[in-house]
Protein chains: 2
Amino acid sequence: MPRVSQDQLDARRKEILAGARTCFARHGYEGATVRRLEEEIGLSRGAIFHHFRDKDSLFLAVAEDDAATMVATVAEHGLVQVMRDLLARAADSGTEPELTGWLGSQLEVSRRLRTDPEFAKRWAARSEAVAEATRERLQRQLEAGVLRADVPIGVLAQFLELAYDGLVLHLATGRPVQDLEAVLNLVEAAVRRS
Amino acid sequence: MPRVSQDQLDARRKEILAGARTCFARHGYEGATVRRLEEEIGLSRGAIFHHFRDKDSLFLAVAEDDAATMVATVAEHGLVQVMRDLLARAADSGTEPELTGWLGSQLEVSRRLRTDPEFAKRWAARSEAVAEATRERLQRQLEAGVLRADVPIGVLAQFLELAYDGLVLHLATGRPVQDLEAVLNLVEAAVRRS
């Protein structure tokens, strides 16, 4: 039997993560059954769970990648831009099952966070990375003179996170997007220097 | 067999709703099994479901009562005050199973809204009543000159609802309340005349 190189292992891991991301995004966490994961990834459960301990670990690995992407967007454009992107996708979809599934996953995550302390612990690092990126970005904006200076950075960051959570819950429950662009303008204005 | 008067029927209905409210608040929607409902209400399932078609109808009847209370608070003190009350309860609890259960129910509702169009339709009237009360309150504040006049009432109302949704999601997932009071001050200031 030929030995498998580290490169081959890494490539296989990437392949699994890509398929898993599509599957979670399309069906949500609960809907992404092991059978569907097998189909989407194109590997047997044995092969998949040779690389990831269980479905949770696979989900958290995907979420970690997502967090890294979100951290990069937050660092460059801010959390408000993340919200605007999300809203733009929601506004012209209805036909985008990936977004619907992803929003569903976020609610499943909330549910797990509430009922499963072990999962909550593993999830915490991910949310802290986004919170940290948000505070850093706000700090740079403060130094650039575009941010209001009368409210601590930590409070402004939590305000933006509250709006982000609200937006996710709003979109996940399929409510209309109507005035949300104007609402996000208001959110942005509330943290800026007037 | 003696005939049951309307008063007796109404009293029985009230009794069932009171027990159901406690049960849903304590165990969340999913956790409030028929057996637990029987215990909390002190009646058999036959007696309970003689008055309410099913568990959903019972839950929606409780939610309707909740909405009426929330509409009254919004009308008198505004949606920000509803948020402040919620935060105050969360801040000094950890020991209040009713709040934890209620927050859990809200997430279950979000889940149902997403996956069950029939439930979503029955739920819509309830949220519209709160939205309407929010807009009316804002309109009165505008006329009293305390509200900013450069953003339409509808947008301000949706902004407050977004913050409310964010707060519910934040608290339901058991995250720390730390700066949330300052965050709510920021939310309130954002809709006021500066």
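Q: Buried area is the accessible area (1.4 Å probe) that two parts lose on being put together, summed over both. How much area is buried between chain A and chain B?
A: The model is predicted. On the contact side, 33 residues of chain A meet 33 residues of chain B. Carbon and sulfur atoms give 67% of the buried area. The area itself is about 3100 Å².

Q: Which kind of axis relates the two copies?
A: Chain A superposes on chain B with an RMSD of 0.0 Å. The operation is a rotation of 180 degrees, with 0.0 Å of shift along its axis. The copies are therefore related as by a two-fold rotation axis.

Q: In chain A, which residue has the C-alpha nearest the axis?
A: The rotation that takes chain A onto chain B is 180 degrees. In chain A, the C-alpha nearest that axis lies 1.8 Å from it. The residue is Gly166(A).

Q: What percentage of the contact residues of chain A recur in chain B?
A: Chain A superposes on chain B by a rotation of 180 degrees. The same surface serves both copies. The share of contact residues of chain A that recur in chain B is 100%.

Q: How many salt bridges are counted between chain A and chain B?
A: Over all chains, the count comes to 32 salt bridges. Glu108(A) and Arg111(B) form a salt bridge through their side chains, at 3.3 Å from N to O. Between chain A and chain B, the count is six.

Q: How many residues of H8(A) are buried?
A: Helix H8 of chain A runs over residues 153-172. From first C-alpha to last it reaches 28 Å, close to the 28 Å expected at 1.5 Å a residue. Just after H8(A), Gly174(A) takes a positive phi of about 70 degrees. H8(A) is mostly covered, and of its 20 residues the number buried is 18.

Q: Is Ser105(B) buried or exposed?
A: Ser105(B) sits in helix H6 of chain B, residues 97-115. Leaving out residues up to four places away in sequence, Ser105(B) touches Phe24(B), Gly28(B), Tyr29(B) and Phe59(B). Its relative accessible area is 3%, so Ser105(B) is buried.

Q: What is the C-alpha to C-alpha distance between Val74(A) and Glu136(A)?
A: Val74(A) belongs to helix H4 of chain A, residues 55-77. At 0% relative accessibility, Val74(A) counts as buried. Its contacts, not counting residues up to four places away in sequence, are Leu79(A), Val82(A), Ala133(A), Thr134(A) and Arg137(A). Val74(A) and Glu136(A) are 62 residues apart in sequence, and their C-alpha distance is 9.2 Å.

Q: What is the relative accessibility of Arg135(A)?
A: Arg135(A) is in helix H7 of chain A, residues 117-143. Not counting residues up to four places away in sequence, Arg135(A) touches Glu128(A), Ile153(A) and Ala157(A). Ala75(A) is 60 residues away in sequence and 9.2 Å away in space, C-alpha to C-alpha. Arg135(A) counts as partly exposed, at a relative accessibility of 29%.

Q: What percentage of residues 10-70 of chain A is helix?
A: UniProt, in an unreviewed entry, places the feature "domain: HTH tetR-type" at residues 10-70 of chain A. The end C-alpha atoms of residues 10-70 lie 23 Å apart. Strand makes up 0% of the span, and helix makes up 87%.

Q: How far apart are the end C-alpha atoms of residues 33-52 of chain A?
A: The unreviewed UniProt entry annotates residues 33-52 of chain A as "DNA-binding region". Over these residues the chain is 75% helix and 0% strand. The end C-alpha atoms are apart by 15 Å.

Q: Which residue forms a salt bridge with Asp54(B)?
A: Asp54(B) is partly exposed, with a relative accessible area of 27%. Its partner is exposed, at 63%. The closest N and O atoms are 3.7 Å apart, and the partner is Arg53(B).

Q: What is the N to O distance in the salt bridge of Asp150(B) and Arg148(B)?
A: Asp150(B) is exposed, with a relative accessible area of 55%. Its side chain meets that of Arg148(B) in a salt bridge, N to O, at 2.8 Å.

Q: Which residue meets Glu188(B) in a salt bridge?
A: Glu188(B) counts as partly exposed, at 23% relative accessibility. Its partner is partly exposed too, at 33%. The N to O distance is 3.6 Å, and the partner is Arg192(B).

Methods. Residues are numbered from 1 along each chain as its sequence is written. Chains are lettered from A and ligands numbered from 1 in the order in which they are written. This is a predicted model: local features need pLDDT of at least 70, side-chain atom pairs count only at pLDDT 80 or more; totals for chains, interfaces and linings use all residues. Side-chain values use heavy atoms; hydrogens and water are left out. Helices (H or I, at least four residues) and strands (E, at least two) are DSSP runs, numbered from the N terminus. The expected span of a helix is 1.5 Å times one less than its number of residues. Buried means under 20% relative accessible area, exposed over 50%, partly exposed in between (1.4 Å probe, protein chains only). UniProt positions are given in the numbering used here, feature names are shortened, and annotations may be inferred rather than shown by experiment. Contact means heavy atoms within 4.5 Å. Copies are superposed by least squares on the C-alpha atoms of residues with pLDDT of at least 70 in both. A salt bridge is a side-chain nitrogen of Lys or Arg within 4 Å of a carboxyl oxygen of Asp or Glu.
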